[in-house]
Amino acid sequence: MSSSSNSEGHGKPKPKSPLHKRGSLQSTTSPDLRGATGPKPLKPQRSLPGTPVSLKQFPIDLRTSMDGKYKEIAEELFTRSLTDSEMRSAPYEFPEDSPIEQLEERRHRLERQISQDIKFMKQQSVDDVDNGFRERALPLEREYQRVSISGEEKCGVPFTDLVDAAKCVVKALFIREKYIALSMQNFCKTTARSLQELGETPLDLRVYEEIPETPVDADAPVHPPVSKTHPYENQDPKNMPTDMGYSCKMVNGVVHVYTKKSPMEKSTELDLPYPNLKEYIADMNVMMALIINGPVKSFCYRRLQYLSSKFQMHILLNEMKELASQKKVPHRDFYNIRKVDTHIHASSCMNQKHLLRFIKRAMKKYPGEIVHIERGKGQTLMDVFESMNLTAFDLSVDTLDMHADRNTFHRFDKFNAKYNPIGESILREIFIKTDNHIEGKYFGHIVKEVMADLEESKYQNSELRLSIYGRSRDEWDKLAQWAVKHQVYSDNVRWLVQVPRLFDVYYSKKQLANFQEMLENIFLPLFEATLDPQSHPELHLFLQHVVGFDSVDDESKPEHHIFNMDSPLPDKWADENNPPYSYYLYYTYANMTVLNHLRRRRGFHTLVLRPHCGEAGPIHHLVSGFMLSENISHGLLLRKAPVLQYLYYLAQIGIAMSPLSNNSLFLSYHRNPLPEYLSRGLIVSLSTDDPLQFHFTKEPLMEEYSIAAQVWKLSSCDMCELARNSVLMSGFSHKAKSYWLGPNYSKEGPESNDIRRTNVPDIRVAYRSETLCEELNLITHAVRTEDLDTIDEDAMLSMAPVAGGN
């Protein structure tokens, strides 16, 4: 590997950028970037666009005993994950059954608390008339029973272990902050402030003017104003932003933007930031070494256990106070607070009964409509069903056979087959695809019916996933034309675009020549629509309601390649082996980063990365997700990785969990870690994933909440906290969130909460905020401590197999 961090070089000075403000985790000649057999220099592999953002050094000493051995450790871990698809570790799951004595003691405490709260509530004056949001402002509930630990040693591990673990945790948080800031995604303010107190100058990306927004009044209603005109109606391309006169092309997997149509050369390249591949792989190796470091693992596990116990104490002491706070709020309850289904696929957003009724209606209403071309001959809807010897009367939920059952457990292939009504792929193409002979007419209609149900419920919202496969350049335009032509839009819905990781399938069918062609098909239309909206008018309109990217597929599929500096670049990846998860995620992130800076320059909204991550497969998927994603879906494997779980907590990364989906595919319901994550303070939300396969009712999200509340005995406060989390991690606009959660929702601590809108007691929000600050103070205080003892390097870096693992 080349020891120079400037892979572009060529003797030319690099253009200055406001992004050169932070140090690197490795020195430029770090030995840990060399192979195990000796220094084998690699040629510079790319010329990427704009300005690479690199860390030259940290503002404080974060060197630990692991420095210099990251690559060896990471490669050994990757090799293990290739041989064993699921990394085994010590069983960090303990039964939560309480002895009878504890239950009796808790009951007596609660009875005493109830009697005190009844006296307290009688003293409060209650308004008899509900005047909407013009009623008196409710005071912040700051007084509640707090649990504190006294003494010098507060964390229960040796001081040297604490210091080394704290340095590793801080280093990981710096890595995430760097990548999230570079891509213009959201990083937790509380965590950023703690890192800044270590002497770190924040990465200044405010080179663009803020887009002015009208502030929301504190007494504004909970419903945002609704536009009287449809966003897709009467849109004249001539009124869209004009052409910038720029051009773009992809080089080595990342899009370059040039200030002239031709020639497209280095001198005319637009200065847009992008991640440095060499540094990303080095950071990945650092992260892989951290998560298996023994003392760090022990420290994080103990902190997680402490957080669980502390929350149980908080509930014992404050449960009735939280309930009393909710009872004092007029009108608001769990049913009429905003909830967002943060992970749901558009092609399965309806339930089985809904799809069945729609198919029967279509057979009666459009029997003679040509819906499919078979061997050059058109087939009507009636012809299709006659070829299956079926009539509308014959159809039932059982004949559709689209519900996941016990046979789909750990069988993703069988689950995918459930998307075919009656087991016929032709019906999937006709009814739940956007690109077919009828231009997605039926699918547009049924999605609009789902949207109408959401609007009728008023308080439920969804973030639907639509697929872009990357097989051809016109996929984006076809998808946008489908949405605009059929006017598939709702104020209650935002879109995410999911990219299935299926390059190996397309390559084997000769649909793609190499991986770069797939990346070009996914990203170049977005750059063209940003540079010249009039060239893709429908796409420009559609993108206004797209909030981010998702990466989907079966994570348990074995990966035959380790992503490192020896990996082929995308234009050289012409192999039937699928690129690994981290390869897909890196190039999606890299192109999204360049696109975000370009869109921000034009005054358009930016996109985020929210992949499926940690549902199954190796643990390093969660490392890539930690570094590059604003939030993730599933995250089940965090229960086996205490270091990563603690990092996800400290960084407050949103996790959209779907326990009913997991119950049918990967993990039985009672083993789902959601209640554990919630008690520890991770930002988790409930989502449905695939109502068509997993749910029975017209309101699948309420079904999800209902089952979770029954099985895990969630309180009203827990349910409202999950709902609030779902809004916070969603891609809805800042203005919408200001109406739904309160105008101060983006602040820190209880000031961010408006119980009149969220029904979450200030006590709960204050507890979460104070606990997070205490954890961050613990690790930052340890890092600031100068009297460090020497740590035994050999003991720290023992790579002996974990007991019970391979």
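This report describes a parallel sheet, the helices beside it and some aromatic rings in a predicted model.

## The sheet and its order

The model contains an open sheet of five strands, which are arranged in the order β5-β8-β9-β10-β11 and pair in the parallel sense. At its edges lie β5, covering residues 339-345, and β11, covering residues 608-609, and each of these strands pairs on one side only.

Reading across the sheet from β5, we find that this strand runs parallel to β8 and is joined to it by five bridges, with K339 standing opposite Q460 of β8. The pairing between β8 and β9 is also parallel and extends over six bridges, and within it S462 has V493 of β9 as its bridge partner. Strand β9, residues 493-500, then pairs with β10, residues 546-552, in the parallel sense and over six bridges; here P500 stands opposite V552 in β10.

## Helices packed on the sheet

Helix α13, made of residues 475-485, packs on the sheet and touches β8 (460-467), β9 and β10, while its direction makes an angle of about 145° with that of β8. Helix α23, made of residues 700-712, also packs on the sheet, but its contacts there are with β5 and β8, and its direction makes about 105° with that of β5.

How much of β8 and of α13 is covered? In β8, seven of the eight residues are buried, and in α13 the count is eight of eleven. The buried residues of α13 are E475, W476, D477, L479, A480, W482, A483 and V484, and what covers them includes the strands β8, β9 and β10 together with the helices α12, α15 (515-531) and α16 (537-543). Just after α13 comes Q487, which takes a positive phi of about 50°.

## Helix α12

Helix α12, one of the elements that cover the buried residues of α13, consists of 17 residues, from 441 to 457. From its first C-alpha to its last it reaches 25 Å, which is close to the 24 Å expected at 1.5 Å a residue.

The buried residues of α12 are K441, Y442, F443, G444, I446, V447, V450, M451, L454 and S457. The helix is followed by K458, whose phi is positive and lies near 70°.

## Aromatic rings and charges

Across the model, 30 aromatic pairs are counted. One aromatic cluster brings together Y179, Y280, F503, Y507, F515, F563, W573, Y583, Y584, Y586, Y587 and Y589.

Charged side chains also lie over rings in this model, and two examples can be followed in the structure. The charged end of R176 sits over the ring of F626, 5.9 Å from its centre, whereas K339 lies over the face of F334, at 4.9 Å from the ring centre. K339 has already appeared above, as the residue that stands opposite Q460 in β8.

## A buried serine

Where does S582 belong, and is this residue buried or exposed? S582 is placed in helix α17, which covers residues 581-601, and its relative accessible area is 2%, so it counts as buried because this value is under 20%.

When residues up to four places away in sequence are left out, S582 touches Y280, M284, F563 and S624. Among these contacts, Y280 and F563 are also members of the aromatic cluster described above.

Key: Residues numbered from 1 in each chain as written. Predicted model: local features only at pLDDT ≥ 70, side-chain atom pairs only at ≥ 80, totals over all residues. Heavy atoms only, no water. Phe/Tyr/Trp six-rings, centres within 6.5 Å; stacked < 30°, edge-to-face > 60°. Lys NZ or Arg CZ within 6 Å of the ring centre and 35° of its normal. Pairing = 2+ DSSP bridges. Helix = DSSP H or I, 4+ residues; strand = E, 2+ residues; numbered from the N terminus. Contact = heavy atoms within 4.5 Å. Axes fitted to C-alpha atoms, helices over the stretch in contact; angles between N-to-C directions. Expected span 1.5 Å × (residues − 1). Buried < 20%, exposed > 50% of the residue type's maximum accessible area, 1.4 Å probe, protein only.
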